[in-house]
Amino acid sequence: MTEWMQQQAERDLFYFDLRHKPFSEELLKECLEYEGIKYREVVLLQSKLETGYYTSDIFLKGNNLFGMKYPFHRPTVATGTYNGHSKYLHWSDSVIDYAIWQRWYMSLGYRIGEDTDNDFYLVFLKCIPYAEDKRYIAKLVKLSDGGLT
């Protein structure tokens with residue numbers, strides 16, 4: 001078995017087991033890593049902000065960790081919409097969709113960069129813009145106690 005096949009098998013088993021476990025931030029961190037999501041520290045803060053620390057209706061009923069709207073111009077694993085946002089079968093699907101979203105922007109020529117400068121990613125999120133809230137980036141920085149850089 002090749003290394004790639006071994007990694008895929010481990011990923012598939014992880015996601016199979018995950019469907020039978022309650023949500024936890026530790027499992028979310030593992031999903032972010034499995035999906036190769038860049039700037040995981042910022043993305044984790046986004047999940048906290050977007051869900052009100054995992055208590056929002058969109059998260060609890062729509063399994064949406066990132067406040068993602070349903071995309072009409074890129075691939076998605078969303079199954080539909082809930083309260084104007086993408087709805088997923090499982091919260092881990094919203095992580096997969098976030099990874100698709102990151103890769104889609106890179107395919108358009110955006111440079112997301114290396115995973116070393118959180119400020120770079122914050123500027124990227126502001127420029128595209130990721131959120132409707134004009135204070136979104138400031139809220140992320142505050143949520144991190146100013147520790148993002």
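Buried means under 20% relative accessible area, exposed over 50%, and partly exposed in between, with a 1.4 Å probe and protein chains only. The model on screen is predicted, so local features need pLDDT of at least 70 and side-chain atom pairs count only at pLDDT 80 or more, while totals for chains, interfaces and linings use all residues. Residues are numbered from 1 along each chain as its sequence is written, and side-chain values use heavy atoms, with hydrogens and water left out.

Select tyrosine 105, which is buried at a relative accessible area of 14%, and then add tryptophan 104, which at 24% is partly exposed. Their ring centres lie 5.1 Å apart with the planes at 85°, so the pair is edge-to-face; rings of Phe, Tyr and Trp (its six-membered ring) pair if their centres lie within 6.5 Å, with planes under 30 degrees apart counted as stacked, over 60 as edge-to-face and the rest as tilted.

Move next to tyrosine 121 and phenylalanine 124, whose ring centres are 5.6 Å apart and whose planes meet at 25°, so this pair is stacked. Both residues are buried. Ring pairs link these residues into a cluster whose members include Tyr105, Trp104, Tyr121 and Phe124.

For charged pairs, select lysine 48 and glutamate 25, which form a salt bridge with the closest N and O atoms 3.6 Å apart, the term requiring a side-chain nitrogen of Lys or Arg within 4 Å of a carboxyl oxygen of Asp or Glu. Lysine 48 is buried at 15%, whereas glutamate 25 is partly exposed at 25%.

Finish at arginine 74 and aspartate 97, another salt bridge, at 3.1 Å between the closest N and O atoms; both residues are buried.
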